[in-house]
Amino acid sequence: MVNKDYIFNAKFNAFTGKNGIGKTNMLDAIFYLCTGKSYFNSNDVQLIHNEDPYFLLKASFIKDSLPGDEILCALVRGRKKVIKKNNIPYERIVDHYGEYPAIMIAPNDLELLMGGSEERRKWMDATIAMYDRQYLYHLMRYDKALQQRNAELKNMFQENRNNKEVLEIYNQILIPLAQAIFEKRKEFIAEFIPVFLALYKEISGKEEPVGISYVSQLQDHPMAYLLENKFRQDLIMQRTSNGTHKDDLDFSIFSNPIKKYGSQGQQKSFIFSLKLAQYKYSISKVAVAPILLLDDVCERLDESRLRNLMRILAQQEFGQIFISDTSSERILNTIPFEGEKVNIFELSEH
Amino acid sequence: MNSKIVEGAVAQFSKLPGIGKKTALRLVLHLLKVDEQNVYDFSKALLKLKTDLHFCSVCHNISDETICSICKDTGRNHEMVCIVEDLRDVIAIENTNQFRGVYHVLGGLISPVDGIGPEDLNIESLFVRFQRNEIKELIFALAATMEGDTTTFYITRRLNGSDIKASTIARGISVGGELEYADEITLGRSILGRVPYKL
Ligand SMILES: [Zn+2]
C-alpha cells in the first residue's frame, strides 16, 4: 500500500508531473474529503488502488487560521463506506455534503453542455444542495417517491388495476416536493445568471450575448395538474412523464444552443464561466469559501483565456486553490501569486 | 467435507440470516458434541414454531393461542391501538413499559417497489376492529421512511371523517428511522410524547 502526507498552502497549491502519475487522483481525494464522494467515479470500490484491501483519506481542516474538523473517509472492500468527523461517524453520509464545500473544474465538464439534461440537473442540484440542506432532503425524498410511484404504475398496469388509492398517496407526497424544488431552482437561476454573465465577459474578453434559462414543465402547470392530467399516459408508459425530474437548463449564445452553434473556444469560455460562477455564487451562500480544484486547465485554455482565469483566481474572495498540470514552470510563469502563497508538489513514481 | 449429513446440516444453518458457512460449521460441530436430548429439544422447539405457534386473530401478534396475551389482558386499554410493522416493534415497545394499550401488527409496509400493496398487509382486519367501534385512538409507530409514511398516509386517509384520535410517535427516534434500533428510553419517551396526526 502507498501512504502519503501533505501540508498545503492556504492559498495556492499545484500538483505537477507527467500524465498518469496521479495528479487528478490527488484533486479527487481532496474533493472526496470535502463532499463525501468522488467527482469522477460514483463507484467507490473502484477508487481502491489495485489489490489493496481499502482506501483511507484523512484531512485536518483549518478555518480562519484555527484548527477545524478532522475528516476521515474510508472504504474497506465488502463493507459500507465510513465518513467520520472528529472521530464520530456520520449516521447518514449525505449529512457531510455542504460541510466543506468544494468545486472541481475538470475536462469532463464539457458534458454539461454536450450531455443529456441529467448532467445539468445534477450540476444545479449539487450547487444548491451545497448551501441548502433542506433542498437536498427534498430531492432525496422526491426521488424515492418517484421510484415508488413508477413501481405502482407498473403494478397497476400489469395487474390491470384501476384502484388509484396508493398512487394518490405518492401524488400527495410528490406535489409539495416538486413545487419546492421548482421554486428553489427558479430562485437559484435568477440569482446565478448575473454572476455568470459577468464572468463570461471577463474570461472570454468579449461582449457575446450568452444566456442560461431554466426549463420546467412546472412553469406551465402545477405538479398536481401534471400528475392528474398525464395519468393515462403515465400508466401506459409505466413511469411518471412529468415533474421536476424532467427539468433542464438551456445554454445559448446569440440566442442559439451553444452545444450546436458555439465554437470550441466559446464552449470552453462558457464552461469555465459556469464553474467559476458556481464558485463565486457559492461564496455568497456559505460561511467558508469553497475549495477550488482545477484539473488540467492549462492544457485546455489558450494563453489569453488562461491569463484571464488566473487574474480572476488571484482575487481576494477566492479561497484555497489546487491545480494540476504537467509542467511546474508553466504554473510558475502563469500564476499571479507571490512565492509564499504557492506550494508546488512534484509527483513522481514513488 | 466427507459427510453428506454434516454438509446437509451446515447448508441448513447457513440459510439463516447473518449465518455464513464458517459459523454454520461451528454450530454443527457444537451440536455434535452435546447430548442427544439437547439436540432433540432444540429441534422440537424449532418445529413447534411452525406447528403450535399462532398469530393472534385480533392483532396478528405471535401467540401460543388464538388470541394473544396482550389482547387478553383486561388491565390494558383496548381502545388505544398502536400500529406497528412487525413483531420486533411489539417487543421493543413492550420493553419500554410505557405503553398500556394494545397493538395491531401490519406484517410489513406499503412498498410498490417491493411488490407490497395494502392487500398484502393486515389492514382490512384493522378496519374490522375499527368498524366494531373498538378503537378510539390510533398511535402510528411505523418507521420514519417513505414506506412508513405511505402506510400511515394510506390508513389515515381511509379514516377520514371519523372521530378517531390519531398520533405518530415522535420522529427522529433513531438511526435510519428503524424502530427496532431505538433504545428503550428514547422509545419510551417517544411513545409518551406523541405528535397528533390530523385526519
Ligand atoms: Zn393480539
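A residue counts as buried when its relative accessible area is under 20%, as exposed when that area is over 50%, and as partly exposed in between. Keep those cut-offs in mind as we walk through this structure, which is a predicted model.

Let's begin in chain B, at the zinc ion. Its protein donors are B:Cys56, B:Cys59, B:Cys68 and B:Cys71, and each of them offers its SG atom. These donors lie 2.2 to 2.4 Å from the metal. If you look at the angles among the four donor atoms, you will find values of 107 to 112 degrees, and the site is tetrahedral. Now trace the donor residues along the sequence: their spacing follows the pattern C-x2-C-x8-C-x2-C. How do the cut-offs apply to two of these cysteines? B:Cys68 has a relative accessibility of 1%, so it counts as buried. B:Cys71 is buried as well, because its relative accessible area is 12%, and buried means under 20%.

Stay in chain B and find B:His60, in the loop between β1 (54-55) and β2 (62-63). Here the backbone does something worth a second look. Most residues other than glycine have a negative phi. B:His60 is not a glycine, yet its phi is positive, at about 70 degrees.

A little further along chain B is strand β3, residues 77-84, which contains B:Ile83. This isoleucine has a relative accessible area of 0%, so it is buried. In sequence, B:Ile83 and B:Gly108 are 25 residues apart, while in space 11 Å separates them, C-alpha to C-alpha.

Now let's cross to chain A. A:Asn50 sits in the loop between α1 and β2 (54-63) of that chain. A:Asn50 also has a positive phi, about 35 degrees, without being a glycine. Is this asparagine buried or exposed? It counts as exposed, because its relative accessibility is 58%.

Next, turn to the second largest pocket, whose volume is about 1400 Å³. Its lining is made of 41 residues, and those nearest the centre are A:Lys37, A:Lys122, A:Trp123, A:Asp125 and A:Ala126. Which helix gives the largest share of this lining? That is α3(A), with nine residues. Several elements of chain A supply at least two residues each, including β6 (102-105), α4 (133-159) and α5 (165-204). Sorted by class, the lining has 19 nonpolar, nine polar and 13 charged residues. And why does the pocket lie between domain 1 (22-99) and domain 2 (106-290 + 301-309) of chain A? Both domains give residues to its lining, so that is where the pocket is placed.

Helix α2 (111-114) of chain A is another element that supplies at least two lining residues, and A:Glu111 is found in this helix. A:Glu111 has a relative accessible area of 39%, so it is partly exposed. Its C-alpha atom is 18 Å from that of A:His245, and 134 residues separate the two along the chain.

Our last stop is A:Thr240, in the loop between α7 (231-237) and β8 (248-253) of chain A. With a relative accessible area of 4%, A:Thr240 is buried. The C-alpha atoms of A:Thr240 and A:Leu227 are 7.8 Å apart, and the two residues are 13 apart along the chain.

Key. Residues are numbered from 1 along each chain as its sequence is written. Chains are lettered from A and ligands numbered from 1 in the order in which they are written. This is a predicted model: local features need pLDDT of at least 70, side-chain atom pairs count only at pLDDT 80 or more; totals for chains, interfaces and linings use all residues. Side-chain values use heavy atoms; hydrogens and water are left out. Donors are N, O and S atoms within 2.8 Å of the metal (3.2 Å for Na, K and Ca); water is not among the atoms, so sites may look incomplete. Four donors count as tetrahedral if all angles lie between 85 and 135 degrees; four count as square planar and six as octahedral if opposite donors are over 155 degrees apart and all others between 65 and 115; anything else is irregular. Buried means under 20% relative accessible area, exposed over 50%, partly exposed in between (1.4 Å probe, protein chains only). On a 1 Å grid over the protein atoms alone, a cavity is a set of points where a 1.4 Å probe fits but cannot get out, and a pocket is an open set with protein on both sides within 12 Å along at least five of seven lines; lining residues have an atom within 4 Å of a point. Grid points are joined across faces, edges and corners, and a volume is the space filled by probe spheres set on the points. Helices (H or I, at least four residues) and strands (E, at least two) are DSSP runs, numbered from the N terminus. Ala, Val, Leu, Ile, Met, Phe, Trp, Tyr, Cys and Pro count as nonpolar, Asp, Glu, Lys and Arg as charged, and the others, Gly among them, as polar. Domain bounds come from an automatic or database domain assignment.
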